[in-house]
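Trainee: I would like a close look at a single part of this model. Please take me through it step by step.

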Amino acid sequence: MPELPEVEVLVRHLKPLLRRKVIRGVQVNRDRVLRPTHARTFKRTLEGARFIHLTRRGKYLLFEISPRQGRQRRILLGHLGMTGRMYLVPSKAALPKHAAVVLDLGDSLFVFEDTRYFGRLTLDTTAVEGLGPEPLGSDFTIARLAADLARSNQPIKVKLLDQSLVAGIGNIYASEALLRAGISPKRPAKSLSPAGVKRLWHAIRQTLTDAVAFGSTVPLDYAGTGRGERLFYYGQMPDTETRFDERLQVYDREGKPCRHCSTPIKRIVQAARSTFFCPKCQS
DNA sequence: CACCATGTTCCTTG
DNA sequence: CCAAGGAACATGGT
């Protein structure tokens, strides 16, 4: 579930639940997700620490924590990788098979579950230093996007996955944004016209904004009753029954009719990843 | 068994 | 030095 919209919704959900909570205990089941922090350091730093703020940067979660007395506030950096989830469960709840890290908050447990263990929960924050602007922030301007694209020969779809260009777009929303902009994923980044860049800029922001809005309508229940806890990547709207995948225009729709012109959606592989597009709507 | 998967990083090649 | 491509990471679904 991990692109910017999913992370944004998760952050909004967790923020009030974690505020001022003190970490009473730390259980690390998979050292790899702490990289490069050592389990010892991780436990020593977090035990007794208090959650102060939670923000998002690209696909990363930034937990600001206040360690035990005297020490400087620190950032605990989270990333969901491909299959990561973070949620709270009752203290006595059974833990999932792939619970990588569990934090005891006294009245509940914070669980970082990750089937494939590609995610992170670490005290090393260097990963966010190389990120480009927030796509929904004021630093991400049409002029900046145009200037950055003009220096790249990469196919535009591949370039959109470059987190130093703009932070937070992943494989699903890259295809979705390009359909919205009417631009072929195969076009070299530098070949986009000024008008094309402008359409892409709007498409990126609209696609992500819409996804966040959709996710915000999905009832999340991490409190432990066990239903609706799968985040909106797998969720559905309570009113319309619209499933997440039914909202997508091209992603994972190879061979199915384009929702705009009925032309079969095509799938190609770029940089070893699937790209979906409508050959008629995009050029 | 084969192939595919929401992501990032490292290594090789040019 | 940089750009681009591919493999690796690890597990599960179809």
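In what sense do strand S1 and S6 pair, and over how many bridges?

Mentor: Keep in mind that this is a predicted model. Strand S1 covers residues 25-28, and its pairing with S6 is antiparallel, over 4 bridges. One position to find on screen is Gly-25, which stands opposite Asp-104 in S6.

Now turn to strand S7, residues 108-114. S6 and S7 run antiparallel too, joined by 5 bridges. Look for Val-102 here: its bridge partner in S7 is Val-111. S6 and S7 form a hairpin, with 3 residues between the strands. Gly-106 is the residue to check in this hairpin, as its phi is positive, near 90 degrees.

So S6 pairs with S1 over 4 bridges, and 5 bridges join S6 to S7. How buried is S6 itself? Strand S6 spans residues 99-104, and 5 of those 6 residues are buried. Buried here means under 20% relative accessible area. Because 5 of its 6 residues are buried, S6 is largely enclosed by the rest of the structure.

For a surface feature, go to helix H2, residues 39-46. Helix H2 gives 3 residues to a positive patch, the most of any contributor. The patch gathers Arg-40, Lys-43, Arg-44, Arg-68, Arg-71 and Arg-74 on the surface. Take Lys-43, which is found in helix H2. Lys-43 has a relative accessible area of 30%, so Lys-43 is partly exposed.

Definitions and conventions. Residues are numbered from 1 along each chain as its sequence is written. Chains are lettered from A and ligands numbered from 1 in the order in which they are written. This is a predicted model: local features need pLDDT of at least 70, side-chain atom pairs count only at pLDDT 80 or more; totals for chains, interfaces and linings use all residues. Side-chain values use heavy atoms; hydrogens and water are left out. Patches are made of residues with over 30% relative accessible area and no salt bridge: like charges are joined within 9 Å, nonpolar side chains (Val, Leu, Ile, Met, Phe, Trp, Tyr) within 5 Å. Accessible areas come from the Shrake-Rupley method with a 1.4 Å probe; for residues, only the protein chains shown count as cover. A salt bridge is a side-chain nitrogen of Lys or Arg within 4 Å of a carboxyl oxygen of Asp or Glu. Lys and Arg count as positive and Asp and Glu as negative; His and the chain ends are not counted. The place of a charge is taken as NZ of Lys, CZ of Arg, CG of Asp or CD of Glu. Helices (H or I, at least four residues) and strands (E, at least two) are DSSP runs, numbered from the N terminus. Buried means under 20% relative accessible area, exposed over 50%, partly exposed in between (1.4 Å probe, protein chains only). Two strands pair if DSSP finds at least two bridges between them.
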